[in-house]
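Thanks for asking me to look at this one with you. Here are my notes, as numbered points you can follow with the model open.

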Amino acid sequence: AYYDVQQAYTNKQDHKNALLYADSMAFVREASFPVTSSGANLVNITYTRIFTNTHDYSKAKFYARKSIALNKAMFGDSSAELSRSYSLLGNLYSDEGKFDSMLYYSRKVLKIRQAIYPKDHLQVAFCLDDIARTYNNMDKGALALPYQKEVERIYLKNYGPAHSYMAWAYDAEADSYAQMHQFDKAVEYNDRALGLFIPDVAKDTAAINRTSGIPFDTYIPDYLTSRVVMYTNRAINSREKADKIKYLKEAYRVADATDKYMQSYTRHFDSPENVSTAYQRMYDYYKICADIAYRLYQLTGEDKYRNSVLNYAENKRGAFLRSSILNSKAIHFSGVPDVVIKEEAAVRSAVTAAAGRDVPKSKKESVNKAYQQFLDRLAARYSNYYRLKYLPYQLNEKEIQQWLPNDSTAFAEYLFSKERIYILVTTKSKSSVIGLEHKDSVVAQIGNLRELLKT
């Protein structure tokens with residue numbers, strides 16, 4: 001019972017209360033289970049996951065190693081239980097960014113699973129996938145690809161061609177091909193991933209823009225982000241200016257579609273917790289998009305791309321705010337009656353329940369109509385709350401200029417992206433963006449920024 005409550009709090013990212021119930025688990029374990037028991041190991045695994053989630057890696061490793069020692073004592077050196085403990089420690093190292101250690105423990109897992117399972121078993125595939133993604137994280141796509149091909153084969157045999165896990169496999173292969181600069185192949189495999197949700201995408205790339213027709217899946221933003229990165233890298237590796245602009249514009253178009261998809265996602269079929277998690281993943285995505293917009297501004301001089309840097313800065317800044325607001329642990333809002341918050345939760349629960357494949361279409365349409373009517377009432381009566389929770393966080397340079405009282409007042413915002421530090425400055429009469437690439441450049445440009453703010 002304590003474990004179930006702990007798990008519920010973990011799913012809601014309430015790690016403080018999760019830890020309290022884990023402590024209660026440990027108390028019961030000491031009173032009721034031998035030191036060498038599955039109950040004792042469940043406590044070790046629970047603590048490992050909680051401390052990993054809170055980035056307390058030293059404590060997480062302590063409990064992960066206790067789990068390994070316990071499973072060795074109980075089950076020997078070649079057991080499914082021991083492989084799970086090794087996997088837990090490996091994923092901990094991956095979370096910490098120590099990919100060599102992740103590979104070391106993943107290979108231990110693979111050796112055990114290949115010994116105890118048939119070659120087409122899903123547990124073998126999951127381990128192969130861990131190794132492949134670790135190589136991709138290390139920018140070693142050529143080493144990742146053979147593992148991913150085997151993952152694709154096992155998934156296809158176990159799940160069939162239309163399962164969402166196939167999209168997961170295809171997208172990983174696309175990442176590897178992109179790292180190897182085989183961009184046509186990368187797009188082909190990204191088409192395969194998205195094609196399970198957008199059937200026309202390989203022949204009609206504009207289908208990505210028709211976001212209302214795309215089903216809702218937690219990982220579609222990841223597949224779209226992969227496509228954005230592919231075209232960006234293709235542009236960077238192109239020699240001709242025209243090719244750079246062409247591929248960056250395609251990346252920009254997909255980035256815009258992804259943003260619209262996330263907005264639709266927020267208003268539709270998923271639980272607040274899942275949407276919350278998706279927005280956390282979008283934090284780094286918005287940094288990538290800012291870099292795309294800035295590159296296009298440098299190449300074309302078009303003001304819309306400079307303004308897009310500002311918009312992506314706002315979206316990045318708001319990603320974790322929106323994540324917290326969408327998460328169900330945020331239950332009180334100033335000026336909004338609690339009864340409205342509870343009604344919203346009930347309506348969203350009904351929508352989530354109706355999202356299953358076995359739910360009749362008429363039921364889905366009825367539930368979504370009720371949800372849309374509720375959102376319309378919410379927008380009319382509590383506009384600030386609605387805007388905070390459901391509308392994109394965007395600023396327009398002209399709007400900022402209208403808010404500024406006079407020419408001696410400037411609006412300044414910064415953004416740390418993947419490639420640069422951006423400083424965006426808007427005055428009553430003009431706007432500019434400064435992209436600083438290195439520490440030395442930052443120091444050199446401080447004086448320029450001061451002068452710009454003065455004038």
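Is Arg153 buried, partly exposed or exposed? Arg153 is partly exposed, at a relative accessible area of 33%. Please keep in mind throughout that this is a predicted model.

1. Let me stay with Arg153 for a moment. Its salt-bridge partner is Asp120, and the closest N and O atoms of the pair are 2.7 Å apart. Arg153 belongs to helix 8 (residues 141–159), while Asp120 sits in the loop between helix 6 (99–116) and helix 7 (122–137), so the pair ties together parts that are 33 residues apart in sequence. Unlike the partly exposed Arg153, Asp120 counts as buried, because its relative accessibility is 13% and the cut-off for buried is under 20%.

2. The structure holds 20 salt bridges, and two further examples are worth your time. In one of them, Glu397 pairs with Arg306, with 2.9 Å between the closest N and O atoms. Glu397 lies in helix 18 (residues 397–403) and Arg306 in helix 14 (residues 303–326), so this contact ties together parts that are 91 residues apart in sequence. Both Glu397 and Arg306 are buried. Coming back to the pair from point 1, shared partners link Asp120, Glu150, Arg153 and Lys157 into one network of salt bridges.

3. The other example stays inside one helix. Lys185 and Glu188 meet through their side chains in a salt bridge of 3.7 Å, N to O. The two residues are three apart in helix 10 (residues 183–195), which means that about one helical turn separates Lys185 from Glu188. Lys185 is partly exposed at 32% relative accessible area, and Glu188 is partly exposed at 31%.

4. Now for the interior. The largest nonpolar core has 96 residues, and the members that touch the most others are Ile198, Ile208, Val228, Ile292 and Tyr422. Helix 13 (residues 272–300) supplies the largest share of this core, with 11 residues. There is also a second, separate core of 18 residues, which includes Ile325, Val347, Tyr386 and Tyr390.

5. Val228 is a good residue to centre your view on. Apart from neighbours within four places in sequence, Val228 is in contact with Ala251, Val254, Ala255, Tyr285, Ile288 and Ile292. Ile292 is, like Val228, among the core members that touch the most others.

6. Next, the strands. Strand 1 (residues 411–416) and strand 2 run antiparallel and are joined by six bridges, and a hairpin of four residues connects them. Strand 2 and strand 3 (residues 431–436) also run antiparallel with six bridges, again joined by a hairpin through four residues. Thr426 of strand 2 is a handy marker: Thr426 is the bridge partner of Phe411 and stands opposite Ser431 in strand 3. Strand 2 (residues 421–426) is mostly covered, with five of its six residues buried.

7. Finally, a look at the surface. Tyr2, Phe27, Val28 and Phe33 make up a nonpolar patch there, with about 400 Å² of accessible area together. Phe33 is found in the loop between helix 2 (15–32) and helix 3 (38–53). Phe33 is partly exposed, its relative accessible area being 41%.

Terms used: Residues numbered from 1 in each chain as written. Predicted model: local features only at pLDDT ≥ 70, side-chain atom pairs only at ≥ 80, totals over all residues. Heavy atoms only, no water. Buried < 20%, exposed > 50% of the residue type's maximum accessible area, 1.4 Å probe, protein only. Pairing = 2+ DSSP bridges. Patch = residues over 30% accessible without salt bridge, like charges linked within 9 Å, V, L, I, M, F, W, Y side chains within 5 Å. Areas by Shrake-Rupley, 256 points an atom, 1.4 Å probe, with all protein chains shown as cover. Salt bridge = Lys/Arg side-chain N within 4 Å of Asp/Glu carboxyl O. Core = buried A, V, L, I, M, F, W, Y, C linked by side-chain atoms within 4.5 Å. Contact = heavy atoms within 4.5 Å.
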